[in-house]
Amino acid sequence: MLKVLTYDNISVAGLERLPRDRYEVASEIQHPDAILLRSHNLHGVPIPESVKAVGRAGAGVNNIPVAEYSKRGVPVFNAPGANANAVKELVIAGMLLAARNICEAWDYARQLEGGDDAIHRQVEKTKKKFAGFELAGKTLGVLGLGAIGVRVANAATSLGMHVSGYDPLLTVESAWQLSSSVARAASIDDLIAKVDFLTLHVPLNDQTRHLVNGARISIMRKGAVLLNFSRAGIVDDPRVIEALDSGHLHAYVCDFPSRAMLSHPRALVLPHLGASTVEAEENCAVLVADRVRDFLENGNIRYSVNFPDVVMSRTEGVRLGIANENVPKMVGQISGALADANLNILDLLNKSRGEVAYTLIDLNTEVPAETLNHIRGIKGVLSVRVI
Ligand SMILES: NC(=O)C1=CN([C@@H]2O[C@H](COP(=O)(O)OP(=O)(O)OC[C@H]3O[C@@H](n4cnc5c(N)ncnc54)[C@H](O)[C@@H]3O)[C@@H](O)[C@H]2O)C=CC1
Ligand SMILES: O=C(O)CCC(=O)C(=O)O
């Protein structure tokens, strides 16, 4: 039996991809072969010796110490794009909530007292306080044109907005999907300075922490709306609060509550709801469960954030999955160890990504324990699995 430890609420549709006759899946389990999670923080959590794979049922992996898993030869999988539509829809909702002062207006309406005539009179007298502005004709800046950013940009153009984007690492796939009416900003500052709405769709990492800082907020247009459905640390919260207090920003719409933001009248704070739709939760869980299963059962790697894609159709016999540091002479040493044991390689695939490499080797006979130990002992080998 393969054991899968789950954290968070993983959609049943995904868990069902792990058949119960082969998998034990539980939120408390000893010696797990794999971990499935959403936003649970794995930083500081010791990596169980038994873990061979981690699956993030979502996009962001900043809650996982990916580099530590890489050093152990453990691939971390995510579900690219699987929740992007859900986030896109909430971002559009966020722009409308801010532009039309919907939350304040709703709060006001819910506390109205008296009969229908009295309510009608109060409403007509007071509604000017909540008058807003329209999205059509306004300018939206999209920082990060990946799965979510592209969808937000395209949706906003169809609402009549002028859209600019900035993404120095734009992939060919994203470029193909992006509406041709989305303008290309020359830099982050160029983007930020010219927009009525700025929405962030970049991962949180060392390059993006506090990307939206006091200096950048100061070059935003007066009355602009900032939307953050990416991660808390990308925005410098105290500087945003100052800008809201001074009226420089009209509103801050974000998916990441903090004590200070929660009590600010111009901050529209949601409880990390971007991916919380039935569809997104299912898509993410199914995608990542399938990837983790294919890795556990066949050693194949697809949609890993730290390992290359390595997929080899299965031949008869035994398969070895070997992770190693991406340094010269590794494949030679590994195949040499197999040759020394008189083992014949049927098929072999090796790929590298950054500091790691991964090799699948199919053989027609069992590999003796001493040969496996020899391979495990080669300097630079991170993990060896017989599959
Ligand atoms: N609120 C929520 O529930 C959710 C939040 N997210 C957050 O949104 C982020 C983006 O998600 P996806 O679009 O699916 O990821 P993605 O990987 O498809 O897109 C990220 C894009 O950001 C770009 N990028 C990276 N660094 C950049 C920089 N310094 N400046 C400009 N662009 C940069 C990349 O080139 C890539 O195109 C995730 O990393 C996650 O933190 C994702 C899903 C749900
Ligand atoms: O699982 C969730 O609800 C969070 C989704 C998210 O933040 C992500 O996919 O990066």
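Visitor: Why is ligand 1 said to lie between domain 1 and domain 2?

Guide: This is a predicted model. Domain 1 (1-82 + 278-307) gives residues to the shell around ligand 1, and so does domain 2 (84-269). Both give residues, so the ligand lies between them.

Visitor: What makes a residue part of the group around ligand 1?

Guide: Its C-beta atom, placed from the backbone, must lie within 6 Å of the ligand. There are 34 residues around ligand 1. G60, G144, G146, L169 and G274 come nearest.

Visitor: Which helices each supply at least two residues of that shell?

Guide: They are α3 (84-99) and α6 (147-158). The largest share, 3 residues, comes from α6.

Visitor: How many residues of the shell are nonpolar, polar and charged?

Guide: The shell around ligand 1 has 17 nonpolar, 14 polar and 3 charged residues. Gly counts as polar here.

Visitor: How many residues do domain 1 and domain 3 bring to their contact?

Guide: The domain assignment places domain 3 at 310-387. The centres of domain 1 and domain 3, taken over C-alpha atoms, are 23 Å apart. The contact takes 13 residues from domain 1 and 16 residues from domain 3. Two residues count as in contact if their C-beta atoms lie within 7 Å. On the domain 1 side, 3 are nonpolar, 6 polar and 4 charged.

Visitor: Which residues does the annotation "domain: ACT" cover?

Guide: The UniProt annotation, from an unreviewed entry, covers residues 319-387. That span is 29% helix and 43% strand. Its end C-alpha atoms lie 5 Å apart.

Methods:
Residues are numbered from 1 along each chain as its sequence is written. Chains are lettered from A and ligands numbered from 1 in the order in which they are written. This is a predicted model: local features need pLDDT of at least 70, side-chain atom pairs count only at pLDDT 80 or more; totals for chains, interfaces and linings use all residues. Helices (H or I, at least four residues) and strands (E, at least two) are DSSP runs, numbered from the N terminus. Domain bounds come from an automatic or database domain assignment. UniProt positions are given in the numbering used here, feature names are shortened, and annotations may be inferred rather than shown by experiment.
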